[in-house]
Amino acid sequence: MAGPSALWEALQALLPHTKEELKLELGEKVEGSVVMLLQEAAELFHGGQRRECLQTCEVLLDYSWEKLNTGPWQHVDKDWRRVYAFGCLLKAVCLCEPPGDAASVAAALKACDMGLLMGAAILGDILLKVAAVLQKHLLSGKRPAPSPSQELPSIKKARDDHVPIPDVTTERTVPRLHCPSLQYFKKHFLVPGRPVILEGVANHWPCMKKWSLEYIQEVAGCRTVPVEVGSRYTDEEWSQTLMTVSEFINKYVRNEPKDVGYLAQHQLFDQIPELKQDISIPDYCCLGDGEEEEITINAWFGPQGTVSPLHQDPQQNFLVQVMGRKYIRLYSPQKSEALYPHDTHLLHNTSQVDVENPDLEKFPRFAEAPFQSCVLSPGEVLFIPVKHWHYVRALDLSFSVSFWWS
Amino acid sequence: MDEEHRGTWFGFGFCGFGQALGSGLGRQVHSPEPLRTPGGNLDVCRVSASWSYTAFVTRGGRVQLSGAAGGAASGCTDAWASEELLVLLRAGPGAGAELQAWAPSSALRGEPLWSQAVQEAEGGPSCDETQVGPLPLLPCARAYVSPRPPFYRPLAPTLRARRLELGAEHALLLDAAGQVFSWGAGRHGQLGHGTLEAEPEPRLLEALQGLPMAEVAAGGWHSVCLSETGDIYIWGWNESGQLALPTKSLAEDGKTTAGGEASGLDEDGSEGKRVFTGEDGAPAPFIAVQPFPALLDLSPGSEAVKVSCGSRHTAVLTRTGELYTWGWGKYGQLGHEDTATLDRPCRVEYFVDKQLQVRTVSCGPWNTYVYAVEKEKS
């Protein structure tokens, strides 16, 4: 591993040089007592008082964390997220003060990732830059990734298991088109709200050739991400937790996992810009009203068997399949009543029905609800119109990328 | 409460802004220390602690601030400290009392942000908690104060409020008949109605009907109440073990209490002792959120008489003067001489060792204040 002082210098180069510049512009919501602490943290940092700075950062992180957990996430004032990010930044850098060991650097990267996950951008996206430096430093000491011949037998075995692959020929299939023109897509699918699979649109993206379990582990292994544990988010035992991508792969992808874990609905490409180079934005998104920066790109990475219960989203969606296959069912929003949405505010966009094992005594009308289905394979893009109900089950180890646009 | 023997106030937990908490040295106090309040030997009868400062009210009617906010004032019967506002109840000129809201940074100089006359409770101003509980409930019990606008919030006249407590995003009310009401956000189960839905208006906790309650307390995202017979009912978020139920975060550190047992009230109000077990009969995994009240046993035969909650910790007093704390302990707010977070109740041994009986407990978000007297020699 390159020396700890080389890392320290690389980090110092990213930070503002004066302590006056190491500050945030904050509104009224952030109380004077917190502003005092932010100043104190910056002063301690510049004074080289690493231990005291870390203590102050902990207080800032604990207090802003409480604010982040008060009220709905959408209503959390962005300033609290900035305070949180600031605490993560100074914590991360302090942890790397020489003599640092690999464990400290990993902890520093975790602090960065917490700031990226829960904080908001500060000081010109400094957390991204710091994370990149830390990741590079950690990787330079790692063993090279295992060669393909060491591909783990447990994955292969899972593929040969009796996976219930639905016979889509008996169900109405989603139509497929090869590279339709923008106008054709708009007229026949976007405007009327009809699903379609687009072929030849994403199949040449670099991710299609590059991405594998080994590659993902190499590029993202040490990064902390949110993971959903449990068969379905409607289950009582479902929970969310944080772990590194390596830990996720070891616990929920390899080694015959006991529980279902899913790296779902996570903006991984904001966190790890290097991965963003491997994907593009489908051209058809320009047919929307929004700006390109407003498009939400989510990663969906998990073992065979992950299930997203039948639900609807408030935006148009292009679901790009990169690794593995997914079985997807689509129901029109005009038939929402036959889908028995939950009556709680939290789950009103989710159906109560288990699509592949429906309780028809409890939900009789579901049997007559018409649907389309498909098996989405690598290289293919599924257009899910806004508010269109969809159910997804992974037939293999799978990686999908979704684009939510308006 | 009157004491023949004047006792002492103690404090422990977070004091990173220099708020009086025992010696006040360093940022945290991990074991109870006698309070040295600014201004010398004051006869403190009430303590209201916010995150960055604490307000002390004396029997003589003086309020003293300590920490990020300073200053003092006289003619006060009650104080309620929050980061946004310091609320004072002052004996007004003439017969009436006045409610004042101050910016904490004002050091109680100049004018309050706003003030208004309030109706007195019968019996006149006093430091004793006779009929209607302290702020944020107003003496007339017709309204309460909120740190966020609207600051003055009326309560429906049918609610005969005895005590009101505010959490980070919910409110708890105890009425004259011992019924508990809750309202506000419910995403962490803190309302106790069995769902994660919000309630815009006070809603009766049906699970507790038929069990008259004597005390309520609200933490950041959890709720506690004590029955007249000394039982503890607790619900809400358990992310730091503040409900004394097994929590995942501690298990991952290998520190949880495996073998968690809790009783829950079924929807029809009947009590059933449910031992949580997993499929193999082993103690069940963890409770992140408890949306219904759960009965908590401190120790056999103990009667809980007072309760107070911080953001993520809980403190309960028994009739025999013992103090139990549990939940988030990172800043020493549990008083067990360390910073361990606990998901089971633990007695604070300091008071037992010193032969002190604890009579009052009042938690700030990250610290705990306790009033104790010497044990009567029988």
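**Aromatic rings up close**

Counting ring pairs over all chains gives 39 aromatic pairs. Keep in mind that this is a predicted model.

**View 1. A:Phe185 and A:Phe189 form a stacked pair.** Their ring centres are 6.5 Å apart, and the planes meet at 25°. Planes under 30 degrees apart count as stacked, so that angle of 25° fits the label. Both residues belong to helix 8 (residues 182-190) of chain A, where being four residues apart puts about one helical turn between them. Are they buried or exposed? A:Phe185 is buried, with 0% relative accessibility, and A:Phe189 is buried too, at 9%.

**View 2. A:Tyr340 and A:Phe363 make a tilted pair.** Here the ring centres lie 5.0 Å apart, with the planes at 50°. Both residues sit in the loop between strand 9 (326-331) and strand 10 (371-376) of chain A, yet they are 23 residues apart, so the pair links distant parts of the chain. Both A:Tyr340 and A:Phe363 are buried.

**View 3. One aromatic cluster brings together residues from chains A and B.** Chain A supplies A:Tyr63 and A:Trp80. From chain B come B:Phe14, B:Phe17, B:Trp51, B:Trp328, B:Tyr331 and B:Trp366. B:Trp328 has another partner to look for: B:Arg312 lies over its face, 3.9 Å from the ring centre.

**View 4. A:Arg329 holds its charged end over the ring of A:Phe371.** The distance to the ring centre is 4.1 Å.

**View 5. UniProt places a JmjC domain at residues 261-406 of chain A, in an unreviewed entry.** This stretch is 5% helix and 38% strand. The C-alpha atoms at its ends are 30 Å apart.

Notes: Residues are numbered from 1 along each chain as its sequence is written. Chains are lettered from A and ligands numbered from 1 in the order in which they are written. This is a predicted model: local features need pLDDT of at least 70, side-chain atom pairs count only at pLDDT 80 or more; totals for chains, interfaces and linings use all residues. Side-chain values use heavy atoms; hydrogens and water are left out. UniProt positions are given in the numbering used here, feature names are shortened, and annotations may be inferred rather than shown by experiment. Helices (H or I, at least four residues) and strands (E, at least two) are DSSP runs, numbered from the N terminus. Rings of Phe, Tyr and Trp (its six-membered ring) pair if their centres lie within 6.5 Å; planes under 30 degrees apart count as stacked, over 60 as edge-to-face and the rest as tilted. Buried means under 20% relative accessible area, exposed over 50%, partly exposed in between (1.4 Å probe, protein chains only). A charge sits over a ring if NZ of Lys or CZ of Arg is within 6 Å of the ring centre and within 35 degrees of the ring normal.
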